[in-house]
Amino acid sequence: MSATADHAEERTNPAARLGFQPGQVVQEIGYDDDVDQELREAIEEAIEGDLVDEDYEDVADAVVLWFRDDDGDLTDALVDATTYIEEGGAILLLTPKTGRTGYVEPSDISEAATTAGLTASKSVSVGKDWSGSRLATPKAAKSKR
């Protein structure tokens, strides 16, 4: 595939734009009837495999966390999401867009990410109803495992 085709795919496939790669193990947390099925399929296409669920107990390369305002404490959810993630791995936090049921304020996301020891690297629109925040785990934080 040419570099131009790679860049075109990154623009059209949100999963590629978010950095998902073939062979990655991606754990999905917070799945419900309201999730964006097209995004899920795009991620599975990008990783060339299925997403693993919340019960997966091995190390994942990345986590997709669907979170709504009424899902509880976001900081706790982010800390839990880091439990089985690879050192330096990323969490894609997906929250409903402004005006949608379950919307989470950006300031709440920023505060929860900081408290959980994560760094926000970019926010993206990933569908008509969901926004994504890519949160990075510190590379050294997992050395205690």
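Asp129 is a handy way into this predicted model: the residue is partly exposed, with a relative accessible area of 27%. Two salt bridges involve Asp129. One is formed with Arg100, where the closest N and O atoms are 2.7 Å apart. Arg100 sits in the loop between β3 and α5, while Asp129 belongs to the loop between β4 (119-125) and β5 (130-136), so this pair ties together parts of the chain that are 29 residues apart in sequence. Like Asp129, Arg100 is partly exposed, its relative accessible area being 34%. The other bridge goes to Lys128, with 3.4 Å from N to O. Lys128 is exposed, at a relative accessible area of 64%.

A further group of charged residues turns up elsewhere: salt bridges with shared partners link Asp34, Arg68 and Asp71 into one network. Within this network, Asp71 and Arg68 bring their closest N and O atoms to 2.9 Å from each other. The two ends of that bridge sit in unlike surroundings, since Arg68 is buried with a relative accessible area of 7%, whereas Asp71 is partly exposed at 37%. Across the whole structure, the search comes up with five salt bridges. As a general matter, side chains of opposite charge can pair when their charged atoms come close.

Lys97 goes its own way. This lysine is placed in the loop between β3 (85-96) and α5 (106-115). Lys97 is buried, yet no salt bridge goes with it. What is the nearest side chain of opposite charge, and how far away is it? That side chain is Asp129, at 7.4 Å, which is beyond the 4 Å that a salt bridge allows. Lys97 does have a polar partner, though: its side chain and that of Ser125 share a polar contact of 2.7 Å. Setting aside neighbours within four places in sequence, the contacts of Lys97 are Tyr103, Ser125, Gly127, Lys128, Asp129, Trp130 and Ser131. Both partners in the bridge between Asp129 and Lys128 are therefore among the residues that Lys97 touches, given that contact means heavy atoms within 4.5 Å.

Stepping back, the chain is built from five helices and five strands. Read from the N terminus, the elements follow the order α-α-β-α-β-α-β-α-β-β. Of the 145 residues in the chain, 41% are buried. Contacts reach well along the sequence: among those between residues at least 6 apart, 75% join residues at least 24 apart.

The strands can be followed one by one. Strand β1 (residues 26-29) is covered on both faces, with Val26 and Glu28 buried on one side and Gln27 and Ile29 buried on the other. In a regular strand the side chains alternate between the two faces of the sheet. β1 runs parallel to strand β2 (residues 60-66), and four bridges join the two. Ile29 has Leu65 as its bridge partner in β2. Together with helix α3 (residues 37-47), these two strands make a β-α-β unit that is left-handed.

β2 also pairs with β3, again in the parallel sense, over six bridges. Here Ala62 is matched with Ala90 in β3. The chain gets from β2 to β3 through α4, and this β-α-β crossover is right-handed. How enclosed is β3 by the rest of the structure? Nine of its twelve residues are buried, so the strand is largely enclosed. β3 has another partner in β5, with which it pairs in the antiparallel sense over seven bridges. In that pairing, Leu94 stands opposite Gly132 in β5.

Two more residues round out the picture. Thr75 is placed in helix α4 (residues 74-81) and is buried, with a relative accessible area of 18%. Not counting residues up to four places away in sequence, Thr75 touches Ala112, Thr115 and Ala116. Glu48, by contrast, counts as exposed at 63% relative accessibility. Glu48 lies in the loop between α3 and β2, and its phi is near 55°, a positive value in a residue other than glycine. Most residues other than glycine have a negative phi.

Methods
Residues numbered from 1 in each chain as written. Predicted model: local features only at pLDDT ≥ 70, side-chain atom pairs only at ≥ 80, totals over all residues. Heavy atoms only, no water. Buried < 20%, exposed > 50% of the residue type's maximum accessible area, 1.4 Å probe, protein only. Lys, Arg positive; Asp, Glu negative; His and termini not counted. Polar contact = N/O pair within 3.5 Å; in protein donor to acceptor, adjacent residues only side chain to side chain. Pairing = 2+ DSSP bridges. Right-handed = clockwise from strand over helix to strand, strands pointing away.
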